[in-house]
Amino acid sequence: MTVTCLKKLLGKSIRTHLYRVCDMDPIIKCQGSKRVEIHYETIPRGYEVPNLAEGKQTRQIYTDEGGIPSFANDEHISETISKNGLTLCSYAIEKDEKNPWWRVDLDHEYIVEFLGIFNNHENPGYLHDIEIRVGNKDIEKVFYDDFIEGNPLCKNFLNETLPPGLNFIKCDHPVIGEYVSIEITRKCDKYLNGCYPKNDSEANKLILCEVQVYGTRLEDSKTLDEMATLHYRSTMTEHDKNILLKMGKLEIFSNEMETRNLNWWIISVNLKTIEVTKVKLFFDKGYSTEDLKEIPLEILVGFTYLETEQSFFYGHFNSTTTWFSAKGKRTIVEEGQLKAIIIQPKYRSIGIYITIIAPGDCKRELCDSISAVQIEEFQVTANEIHRVSSRKNELNPVSSTPTCTHTSAMHTYPWWKAKFSREVIVESVTIWNTKDNSSELLREIEIRVGIFEIRYSDAALQSNQICYKGDTSLEELKNPFTCDPSLFGEFLTIQIVPKDPIHNRYNILTLCKVEVRGKQIREDKTKAVPNELTHNESGIILSRQ
């Protein structure tokens, strides 16, 4: 049976649920309460999305415990901060009252939409109150506060601690940029469960065991310079105003503005995804140049049509970025019978809708005689966005065969084990290796057969008999091995046993397929060992065949 997704999805795992018809239809009564077990195999088809952060240049504020920043994007995921005295994750500590931060340079501008952050299992409470930003300002080259102000927000986890393991994060709004930064923004709240350290005198520590970044490159875009379509104009509710205030997206609202309502206009340019580079707002000539310079304005860019959303939830405001705020830099010009404010942004923002917020009417006649701001027309200069949807060096087709199994990079002697349903005579073993740059990881292996079962230990197995022992890397794809003589046992193990374990302390065992041929001992009849093994496992498997 083939199931086609309604849209392209990005993720790390596939979960399926099978139900009986009687479980889903209340009219049909199920015969008996016993669950029906269905054995099946999920074969994904699609594209492997590259991790943009892998192997790229990294920086952090101050390295502690030997946890250099590149440990967070080396594709070796560790569940513990350190092992045998060696730090395995990036480890940044706050210094001179500056929050701890980490950043990666992606080499090019991307539209960043997703991140994967792997938090350690040893003490996950270190990763709290983080803020993820994406932009074109490098923290290494600009003043720290300007960096934080200048790059737009992807996601924040204020008053939250990230759980251990992989956290798959979607940016509130797709963000354009070359640099991705992660920062702990404040001290641990004493009421936040699991947060660490609780003592204000102890420094925050930003520990990242792996960071993955996903997005798309931009193609050359066409510049648009068009009058915008007005979709909606209204007075903002107090509820929406309070939400924007709490989120820090309404800088124009101050004590002097409390006596005024706020109006908002929602506009777009042909409902296309655009990068807004300039906005021109037209006013009646009755406004003086000084008045136009002082009018507080807030401009948000995003993909959500705000008025259609339920305003009791923050979600619709999360999907916008603040493109311009307060009384920022602007140019005043006269055009015919109108005056215009020309505004350009601090950083690049993309979206479909542009929301403009300005002072409205006076509340209960508590303010001066200045009337509500009236905007006559809107003109937007923008780049039409075209994503790179398919490029050989960007997307790799996912094979229709099951994914390979591999151990974590925390073991000197990683192993894989198969347990047969009974004692057998093993004549040959065939191992399928990967067909890419990772094929060289399958090296210096030992294949053993015997009656002794390997347990959860990181040591070379000595008890069972050897079918094969090699000191080089295996070939790509198929590698057949003959056991000479044939070996008797219930367990088969494949293990990397490095000749120099001191310098090869961390190894990864990758197996795409294992076939075993031999004989079952049963009334002098011979039969090939079935392909389906009753049980197989290895020490800390990240993916299973």
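Is Glu515 buried, partly exposed or exposed, and what is its relative accessible area?

**Basis of the exercises**

This is a predicted model, in which local features need pLDDT of at least 70 and side-chain atom pairs count only at pLDDT 80 or more, while totals for chains, interfaces and linings use all residues. Residues are numbered from 1 along each chain as its sequence is written, and side-chain values use heavy atoms, with hydrogens and water left out.

**Exercise 1. Classify Glu515 and describe its pairing with Lys513.**

Step 1. The classes are buried (under 20% relative accessible area), exposed (over 50%) and partly exposed (in between), with a 1.4 Å probe and protein chains only.

Step 2. Glu515 has a relative accessible area of 25% and is partly exposed.

Step 3. Lys513, at 35%, is also partly exposed.

Step 4. A salt bridge is a side-chain nitrogen of Lys or Arg within 4 Å of a carboxyl oxygen of Asp or Glu. The side chains of Glu515 and Lys513 form such a bridge, at 3.5 Å from N to O.

**Exercise 2. Explain what the salt bridge between Arg348 and Glu109 ties together.**

Step 1. Side chains of opposite charge can pair when their charged atoms come close.

Step 2. In the pair of Arg348 and Glu109, the closest N and O atoms are 2.3 Å apart.

Step 3. Arg348 lies in the loop between strand E19 (338–343) and strand E20 (350–351), whereas Glu109 belongs to strand E6 (residues 101–119), so the bridge ties together parts that are 239 residues apart in sequence. Helices (H or I, at least four residues) and strands (E, at least two) are DSSP runs, numbered from the N terminus.

Step 4. Arg348 is partly exposed, at 24%, and Glu109 is partly exposed, at 27%.

Step 5. A network of salt bridges links Glu109, Glu275 and Arg348. The structure holds 16 salt bridges.

**Exercise 3. Describe the surroundings of Asn464 and the burial of the pair Glu446 and Arg448.**

Step 1. Asn464 is located in the loop between strand E26 (445–450) and strand E27 (465–469). With 4% relative accessibility, Asn464 is buried.

Step 2. Contact means heavy atoms within 4.5 Å. Setting aside neighbours within four places in sequence, Asn464 is in contact with Arg448, Val449, Gly450, Ile451 and Phe452.

Step 3. A polar atom of the Asn464 side chain lies 3.4 Å from the backbone nitrogen of Ile451.

Step 4. Arg448 forms a salt bridge with Glu446, the closest N and O atoms being 3.0 Å apart. Both Glu446 and Arg448 are buried.

**Exercise 4. Identify the strands that supply the largest nonpolar core.**

Step 1. A nonpolar core is a set of buried Ala, Val, Leu, Ile, Met, Phe, Trp, Tyr and Cys residues joined through side-chain atoms within 4.5 Å.

Step 2. The largest such core has 29 residues, and those with the most contacts inside it are Leu281, Phe283, Ile356 and Val380.

Step 3. At least two residues of this core come from each of strand E14 (260–268), strand E15 (274–284), strand E16 (298–302), strand E17 (320–324), E19, strand E21 (353–362) and strand E22 (377–384). E15 supplies the largest share, 5 residues.

Step 4. Another core, of 28 residues, lies apart from this one and includes Ala72, Val104, Cys154 and Leu208.

**Exercise 5. State how many helices and strands the protein chain has, and what share of its residues is buried.**

Step 1. The protein chain has 5 helices and 32 strands.

Step 2. Of its 545 residues, 46% are buried.

Note on methods: Polar contact = N/O pair within 3.5 Å; in protein donor to acceptor, adjacent residues only side chain to side chain.
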